[in-house]
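Hello,

Here is the structure I promised to hand over. Please open it first, then read my notes below.

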Amino acid sequence: MGTLWIIATLVVISLLIIAKFLDVLSTLRRIRYASNESNPFARKMMYRWGPKITVWIVFIVALVIIGVAGGVAFTMGPVFQAIFIVFGTFVSVVQFAVARANWTGRDNLITRLIRKRYFSIQKLIK
């Protein structure tokens, strides 16, 4: 694996961890009660364990996923590494946007698009 691939993979791993950490901090700031959470899966977890424990559990799970995916990216060929870098960059941009929306209390372009898609999917499920 070339040096550029290693650096790019490490940068994406770092971005994913930082973005998720900021999402956790901003969620802790915004969510006081489980009923404030829009994600039904996370809301159920929050009812059971409370918002603080839930967001830290989600953070730990995210760290494991990032670690496994990053580790696999280091061992696979350039095609998988490129996919990891592109997908990881996309996910980190979305996480940064979610964290920003949580901090400001206002949706941004990315969170508005996500919210539209999310509610469209929710309507289909119900």
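Start with Ile-18. Its relative accessible area is 44%, so Ile-18 counts as partly exposed. This residue sits in helix α1. Please keep in mind that the model is a predicted one.

**The surface patch**

Ile-18 belongs to a nonpolar patch on the surface, together with Phe-21, Leu-22, Trp-56 and Trp-103. The patch has about 440 Å² of accessible area in total. Helix α1 is the main contributor to the patch, giving 3 residues.

Two other patch members are also partly exposed: Phe-21 has a relative accessibility of 34%, and Trp-56 has 33%. Both values fall between the 20% limit for buried and the 50% limit for exposed.

**Aromatic pairs**

There are 3 aromatic pairs in the structure. One of them joins Phe-21 and Trp-56. The pair is tilted, with 6.2 Å from centre to centre and 50° between the planes. Phe-21 belongs to helix α1 and Trp-56 to helix α3, so this pair ties together parts that lie 35 residues apart in sequence. With Phe-59, these two residues make up one aromatic cluster.

**The cores**

Now to the inside. In soluble globular proteins, nonpolar side chains tend to be buried together. Here, the largest nonpolar core has 7 residues: Val-12, Ile-13, Leu-16, Ile-66, Ala-73, Phe-84 and Ile-85. Three elements give two or more residues to this core: α1 (3–30), α3 (51–75) and α4 (78–104). The most come from α1, which gives 3 residues.

Is Leu-16, a member of this core, buried or exposed? Its relative accessible area is 10%, under the 20% limit, so Leu-16 is buried. Leu-16 lies in helix α1. Leaving out residues up to four places away in sequence, Leu-16 touches Ile-66, Phe-84, Gly-88, Val-91 and Ser-92. Ile-110 is 94 residues from Leu-16 along the chain, and their C-alpha atoms are separated by 17 Å.

Which residues does Val-12 touch, not counting those up to four places away in sequence? They are Phe-84, Ile-85, Gly-88 and Thr-89.

A second core of 6 residues is separate from this one. Among its members are Val-24, Ala-34, Val-55 and Phe-59. Phe-59 is also part of the aromatic cluster with Phe-21 and Trp-56.

Best wishes

Key:
Residues numbered from 1 in each chain as written. Predicted model: local features only at pLDDT ≥ 70, side-chain atom pairs only at ≥ 80, totals over all residues. Heavy atoms only, no water. Core = buried A, V, L, I, M, F, W, Y, C linked by side-chain atoms within 4.5 Å. Buried < 20%, exposed > 50% of the residue type's maximum accessible area, 1.4 Å probe, protein only. Helix = DSSP H or I, 4+ residues; strand = E, 2+ residues; numbered from the N terminus. Contact = heavy atoms within 4.5 Å. Patch = residues over 30% accessible without salt bridge, like charges linked within 9 Å, V, L, I, M, F, W, Y side chains within 5 Å. Areas by Shrake-Rupley, 256 points an atom, 1.4 Å probe, with all protein chains shown as cover. Salt bridge = Lys/Arg side-chain N within 4 Å of Asp/Glu carboxyl O. Phe/Tyr/Trp six-rings, centres within 6.5 Å; stacked < 30°, edge-to-face > 60°.
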